[in-house]
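Subject: Structure handover and notes

Hello,

Here is the structure I said I would pass on. Please have it open while you read the notes below it.

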Amino acid sequence: MTTPSTTTSSPTATSTSAPPRGRGSLGPIGLVLSGGVSVQFGAALAVNLMPRAGAFGVVTLRLLAAAVVLLLVCRPRLRGHSRTDWGTVIAFGVTLGAMNGLFYQAVDRIPLGAAVTLEVLGPLALSVLASRRLVNAVWAALALAGVFLLGGGGFGDLDPVGVAFALGAAAMWATYIVFSARTGRRFPQADGLALAMAVGALLMLPLGIAESGTKLIDPVTIALGSAVAVMSSVLPYTLELLALRRLPAPTFAIMMSLEPALAATAGFLILGQTLSLLQAAAIALVIGASIGAVRTQAGRGKAPLPEA
């Protein structure tokens, strides 16, 4: 894995690595898709765990287990970082905690599919605001149309508090994309993610204890929470952080519109949920928008990477 410092250290290295970019352009895209699949299968498990531990309890177990795993694997250095580095990783950790806490409060009140559909509006909005190309706004609009179709064409029958939590999670998701990219540039490998996960876990711990108490130390609950952590936090966040080192934030944000489609697939495979024709059409719109965004980015050819 090449760190930002080594990426820009030698003009010769840059020139020799330029030709393979086109051939390896699917690398970061594959990372994002793999992370999305892991998140949705982990979400299905988390929904089943919530009756045992509560929404904040699940978030606490998820972040704590993920933080322990990442800290043991990465063993990040605590010295040698600037104030800006620490400010970035702390902001990233607060964002992680808030995003997860708001999302699980949402799914405690509204269906998972609707919550994911609303949450993806954050990355879509970011893609429009951050993009410098008009065509990306077109792909975002197409994906947005699919998102609303997947939600049944409206959300008027949903719990307004749950909708508010989901929209808050959407804002945090957009913020997560920004700070994930910044953290990836300032810390080697997944060190920044490990530190941010610990910050998020400490942020959610008092809320989890207040809601669930001794339920958090039940062995079965701990085991299930650890599985959720690996599937919904460790794998996807690591894959996304690594992808953002090579994939521009606008393209990454539009690709996040695949999450409702992946959620519908996981629901069909795990929960036996079937899709209506309207939902199938919505998934087709979302996938089409994501493919269009990827092809647009690939067409930029020799556009510089974020680190460069």
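The notes below start with the chain as a whole and then go through individual sites.

Overall. Please keep in mind that this is a predicted model. The chain has 308 residues, and 49% of them count as buried. Its secondary structure consists of 15 helices and zero strands. The accessible surface is about 14,000 Å², with 67% of that belonging to carbon and sulfur atoms. If you take contacts between residues at least 6 apart in sequence, 89% of them join residues at least 24 apart.

Salt bridges. The structure holds two. In one, the side chains of D218 and R52 meet at 2.9 Å, N to O. D218 sits in the loop between α11 (191-212) and α12, while R52 belongs to helix α4 (residues 26-53), so this pair ties together parts that are 166 residues apart in sequence. D218 is partly exposed, at 28% relative accessibility, and R52 is also partly exposed, at 37%.

R186 and D85 form a salt bridge as well, their closest N and O atoms being 2.7 Å apart. This pair also links distant parts of the chain: R186 is in helix α10 (residues 160-186) and D85 in helix α6, 101 residues away. The two ends differ in how they are covered: R186 is partly exposed, with a relative accessible area of 39%, whereas D85 counts as buried at 10%.

Helix α12. Two residues here are worth a look on screen. S232 lies in this helix, which covers residues 219-244, and S232 is buried because its relative accessible area is 2%. Beyond its neighbours within four places in sequence, S232 is in contact with S38, V39, G42, A43, R62 and Y237.

Y237 is found in α12 too and counts as buried, at 5% relative accessibility. With neighbours within four places again left aside, the contacts of Y237 include R62, L96, M99, N100 and Y176, as well as S232. L193 and M197 are also among the contacts of Y237. Y237 and L193 are 44 residues apart along the chain, yet their C-alpha atoms are separated by 7.7 Å. R62 appears in the contacts of S232 and in those of Y237.

Aromatic rings. There are two aromatic pairs by the rule used. One of them is F103 with Y104, an edge-to-face pair with 5.6 Å between centres and 75° between the planes. Both F103 and Y104 are buried. Separately, R182 lies over the face of F179, at 5.3 Å from the ring centre.

Helix α5 and the loop after it. On the surface, V68, V69, L72 and V73 make up a nonpolar patch with about 370 Å² of accessible area together. Of these, V69 lies in helix α5 (residues 55-74) and is partly exposed, with a relative accessible area of 33%.

R75 is in the loop between α5 and α6 (83-107). What is unusual about its backbone? Most residues other than glycine have a negative phi. R75 is not a glycine, but its phi is positive, at about 45°. R75 is exposed, with a relative accessible area of 70%.

Regards

Definitions and conventions: Residues numbered from 1 in each chain as written. Predicted model: local features only at pLDDT ≥ 70, side-chain atom pairs only at ≥ 80, totals over all residues. Heavy atoms only, no water. Patch = residues over 30% accessible without salt bridge, like charges linked within 9 Å, V, L, I, M, F, W, Y side chains within 5 Å. Areas by Shrake-Rupley, 256 points an atom, 1.4 Å probe, with all protein chains shown as cover. Salt bridge = Lys/Arg side-chain N within 4 Å of Asp/Glu carboxyl O. Helix = DSSP H or I, 4+ residues; strand = E, 2+ residues; numbered from the N terminus. Buried < 20%, exposed > 50% of the residue type's maximum accessible area, 1.4 Å probe, protein only. Contact = heavy atoms within 4.5 Å. Phe/Tyr/Trp six-rings, centres within 6.5 Å; stacked < 30°, edge-to-face > 60°. Lys NZ or Arg CZ within 6 Å of the ring centre and 35° of its normal.
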